[in-house]
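User: Please take a close look at one helix pair in this model, and then set it in the context of the rest of the chain. A connected account at residue level would be most useful.

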Amino acid sequence: MNHPGRARTDYTGGVYGSMLAASVVVGAGVPEYFPRLRLALLLLLTGVVFWLGHVHAQLFGARLAERRPDRGTVLHVCRDEWPIVQAAVPPALALAVSPLFGLDLPGGLWLALAVAVAGQVGWSAAAARRAGAPWGLVAGTAAVNLVIGLLILVLKAVLTH
């Protein structure tokens with residue numbers, strides 16, 4: 001249910017961004033090559049690059065066929081796609097602060113991955129709720145995203161062991 005006066009933001013970009021962050025952690029999970037802060041930066045920069053890609057696709061894909069985008073349209077699309085970048089921040093922060101929890105780099109990677117999967121579930125529930133879905137559907141989409149996240153965790157376990 002959308003509320004009057006509240007910005008209409010599509011949180012599905014956050015779900016996508018969380019999956020992207022988890023994939024970066026899995027793909028870059030060879031600790032010798034990615035020191036902790038470099039990997040955190042990689043997570044953030046990958047989110048920004050994919051955000052730019054989505055903004056470009058929105059502006060020059062579907063919208064260009066309708067009309068030339070003006071400044072307001074560009075800003076609107078940038079804001080709507082911003083959750084892709086936002087979704088990369090929690091896993092990057094988790095990785096950066098993981099030494100405070102006594103975690104070595106592999107432990108930090110697992111923490112970042114868990115945070116990304118939790119974000120994926122949270123963003124999907126927020127997107128469904130924001131769209132006005134009933135609570136059963138919100139739970140259903142969260143469950144589907146949890147299963148996808150668990151598949152990503154299994155992939156990491158298989159690839160790194």
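Analyst: **The H3–H4 pair and its surroundings**

Arg79, Asp80 and Glu81 of helix H3 meet Pro83, Ile84 and Val85 of helix H4. The model is a predicted one, and the description that follows applies to it as such. Helix H3 spans residues 71–81 and helix H4 residues 83–97; their axes come within 5 Å and cross at roughly 30°. Because an angle under 35 degrees counts as roughly parallel, H3 is classed as roughly parallel to H4.

Two of the residues in this meeting, Glu81 from H3 and Ile84 from H4, also lead to another part of the chain. Once neighbours within four places in sequence are set aside, His54 is in contact with both Glu81 and Ile84, and with Tyr16 as well. His54 belongs to helix H2, which covers residues 36–66. A further spatial relation concerns Trp82: His54 and Trp82 stand 28 residues apart in sequence, yet their C-alpha atoms are 9.5 Å apart in space. The relative accessible area of His54 is 27%, so this residue is partly exposed.

Further along helix H4 is Ala87. Is Ala87 buried or exposed? With a relative accessible area of 2%, Ala87 is buried, since the cut-off for that class is under 20%. Beyond its neighbours within four places in sequence, Ala87 has contacts with Gly14, Gly17, Ser18, Ala21 and Trp123. Trp123, one of these partners, falls within the range of helix H5, residues 105–130. Ala87 can also be placed relative to Gly47: the two are separated by 40 residues in sequence and by 7.7 Å between their C-alpha atoms.

Helix H2 offers two further residues for comparison with His54. Thr46 is located in this helix, and its relative accessibility of 15% is the reason why Thr46 counts as buried. Apart from neighbours within four places in sequence, the contacts of Thr46 are with Leu20 and Val24. Val49, also in H2, has a relative accessible area of 54% and is therefore exposed. Together with Tyr16 and Phe50, Val49 forms a nonpolar surface patch whose combined accessible area is about 260 Å². Tyr16 thus has two roles in this account, because the residue belongs to that patch and is also a contact partner of His54.

Away from the helix pair, Ala133 occupies the loop between helix H5 (105–130) and helix H6 (135–160). Ala133 is buried, as its relative accessibility is 10%. With neighbours inside four places of the sequence left aside, Ala133 touches Ala128 and Val138. Ala128 lies in the residue range of H5, and Val138 in that of H6.

The wider chain gives the setting for these details. There are 6 helices and 0 strands, in the order α-α-α-α-α-α from the N terminus. Of the 161 residues, 39% are buried. Among contacts with a separation of 6 or more, 73% involve residues 24 or more positions apart. The accessible surface amounts to about 8,900 Å², and carbon and sulfur atoms contribute 71% of this area.

Conventions. Residues numbered from 1 in each chain as written. Predicted model: local features only at pLDDT ≥ 70, side-chain atom pairs only at ≥ 80, totals over all residues. Heavy atoms only, no water. Patch = residues over 30% accessible without salt bridge, like charges linked within 9 Å, V, L, I, M, F, W, Y side chains within 5 Å. Areas by Shrake-Rupley, 256 points an atom, 1.4 Å probe, with all protein chains shown as cover. Salt bridge = Lys/Arg side-chain N within 4 Å of Asp/Glu carboxyl O. Helix = DSSP H or I, 4+ residues; strand = E, 2+ residues; numbered from the N terminus. Buried < 20%, exposed > 50% of the residue type's maximum accessible area, 1.4 Å probe, protein only. Contact = heavy atoms within 4.5 Å. Axes fitted to C-alpha atoms, helices over the stretch in contact; angles between N-to-C directions. Parallel < 35°, antiparallel > 145°, perpendicular 65-115°, else oblique.
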